[in-house]
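Student: Could you take me slowly through one part of this protein, the open sheet, and show me how its strands and the helices around them are arranged?

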Amino acid sequence: MTRVLPASAADGRHVVGILGGGQLARMLALAGAPLGLRFMVMDTADDACAGQCAPLLVGDFRDHAALADFGGRIDVATFDFENVPAESARWLAERGPVFPNPGALAIAQDRMAEKSLFVELGIAVPPFADVPTRAALDDAVAAIGMPCILKTRRLGYDGKGQHRIRERADVDAAWDALGAQAGTVGLILETFVAFEREFSVVAVRGHDGEFHAWPLTENWHVDGVLSLSLAPAQVDPRTAAAAVAHAHALAERLDYVGVFALELFCHDGQLLANELAPRVHNSGHWTIEGAETSQFENHLRAVLGLPLGATASIGHACMLNWIGALPSPASLLSTAGAHWHDYGKSPRDGRKVGHATLRADSAAALAAMLHQAGLALDRGDQVAPALARLSAGE
Ligand code: AMP
C-alpha cells in the first residue's frame with residue numbers, strides 16, 4: 001500500500017525541502033511544479049542556482065537553529081547532494097520525514113562502507129583497501145598492484161580527491177597530495193580499472209518497495225567529470241539485467257526511498273561497481289525528455305509516497321554536459337529533438353553550468369543529430385565516443 005505523506009500547507013499542497021541548492025535541486029523544483037508542489041531549498045551560498053526557481057534559505061547544515069527553521073517550513077526533506085553531514089540528516093529525521101533515510105546517505109558518503117556493502121551483496125568491485133597511514137599505503141600498493149588510484153573515502157566527487165599511481169614514484173606524490181586527509185575524511189586505495197565501458201543504473205524505489213529502473217545508460221567522463229551519456233545503452237540484455245539486479249538489491253538492503261544511481265565499470269565483460277550516488281544523478285538528465293517519467297518527477301513522487309511513473313525510454317537520447325561555460329544555444333534551439341538546459345550559473349572552470357539532450361526516434365536518427373550538433377557547436381571531440389558507439393550499432 002502506498003502511503004502518501006500528509007501535506008501541511010493551508011491549501012493541502014506539499015512543501016518539499018531540499019538540502020543543497022544546485023542544479024539538481026533546481027531541476028527537482030522545475031519537475032515538481034506540474035504536480036502542484038512547493039519547495040524550500042537550503043544552501044550555504046546565497047547565489048545557489050536553485051534559488052532562482054524556489055525559495056532559498058541560506059544557512060549552515062550543521063546549524064541546528066537553521067535546520068529547525070528549514071524543518072518547520074517543509075513536509076518532507078530530501079537532498080540534492082550527498083555531502084550533507086549525515087548528523088544533520090539524522091537531526092532532521094528525528095523531527096520529520098527525510099528520504100532517502102540518513103543511514104543510506106551515511107553509507108553512500110563513505111567509499112569503504114559503500115564497497116563493503118557491495119561485497120556483502122555479491123556485487124563485484126575493483127580490489128580495494130583502507131589506507132589509514134603512510135605505511136598502510138605501501139602495503140596496499142603491494143597487495144593491489146599498479147596502476148591503482150588513491151581516493152578520499154569521504155567528500156570526493158567528480159574525480160576530486162583522487163590521485164593515480166602508475167609507478168613507484170607516484171606513491172610519494174599521491175601521499176603528498178592526499179595524506180593529510182587520512183586522519184580526517186579517510187583514504188582508500190583501489191585498482192585502476194582499464195574498463196572498456198562505463199554504465200549507470202538510475203533507479204527509483206518507493207515507500208512500499210515499488211522499484212523501477214530507467215534503461216541502462218552509457219557514460220563517458222573527461223578528467224573524472226561526466227561529459228556525455230547515451231541511453232538506452234547499446235548493450236546485451238543480460239548485462240543490463242545484471243546491472244538492474246544489483247541496483248535492486250542495494251535499494252532493498254538500504255530500505256532506500258527515492259532516486260539513486262549505481263555507477264559501474266564494464267571490464268572483460270564483467271560489471272564492477274564503482275559507487276552509489278544517493279540522489280538524482282547527472283547521468284539521468286536525459287530522462288527529462290527521453291523517458292515517460294523523468295528521474296526528477298519520480299524522485300518527488302517517491303519521497304511523497306505517490307505512485308511512481310513509468311521509466312521506459314522514448315526513443316534514443318544523448319546528453320551533453322556543459323562544463324565551465326555554455327556554448328551558444330542558437331543552433332540547437334532550432335533543432336527538433338534538441339533540448340537546452342541552462343542552470344543559471346556564472347561560468348567557472350570545471351563547473352557544471354548546463355546540459356543539452358538530443359532525442360530521436362531511432363539510433364540512426366540520433367547519430368545524425370549528434371553529428372550535426374558536434375559540428376554546429378564545435379564539440380566534435382565531445383560527441384565522438386557516442387557517435388562511434390551508435391555507428392558501430394553495438
Ligand atoms: P568517482 O568520483 O569515483 O565516480 O570517479 C569519477 C570517474 O573517474 C569515474 O567515472 C571513472 O571514469 C574514473 N575512475 C574512478 N575510479 C576509477 C578506477 N578505480 N579505475 C578507473 N577509472 C576510475
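Tutor: A definition is needed before we begin: two strands are said to pair if DSSP finds at least two bridges between them. Please keep in mind that this is a predicted model. With that in hand, take strand β8, where isoleucine 188 is the bridge partner of lysine 151. That bridge belongs to the pairing of β6, residues 148-152, with β8, residues 187-191, two strands that run antiparallel and are joined by five bridges.

Widening the view, we find that these two strands sit within an open sheet of four strands, which has the order β5-β8-β6-β7 and antiparallel pairing. The edges are held by β5 (128-130) and β7 (162-165), and because each of them has a single partner strand, one side of each is left without a neighbour in the sheet. On average, and with direction ignored, neighbouring strands here are turned by 20° against each other.

Helices also pack against these strands. Helix α6, residues 134-144, packs on the sheet and touches β5, β6, β7 and β8, while its direction makes about 15° with that of β8. Helix α7, residues 169-178, lies across β6, β7 and β8, and it runs at about 170° to β7.

Finally, let us return to strand β6, whose residues 148-152 include a cysteine. Cysteine 148 has 0% relative accessibility and therefore counts as buried, since the cut-off for that word is under 20%. As for covalent links between cysteine sulfurs, a search of the whole structure finds zero disulfides.

Definitions and conventions: Residues numbered from 1 in each chain as written. Predicted model: local features only at pLDDT ≥ 70, side-chain atom pairs only at ≥ 80, totals over all residues. Heavy atoms only, no water. Axes fitted to C-alpha atoms, helices over the stretch in contact; angles between N-to-C directions. Contact = heavy atoms within 4.5 Å. Disulfide = S-S within 2.5 Å. Buried < 20%, exposed > 50% of the residue type's maximum accessible area, 1.4 Å probe, protein only.
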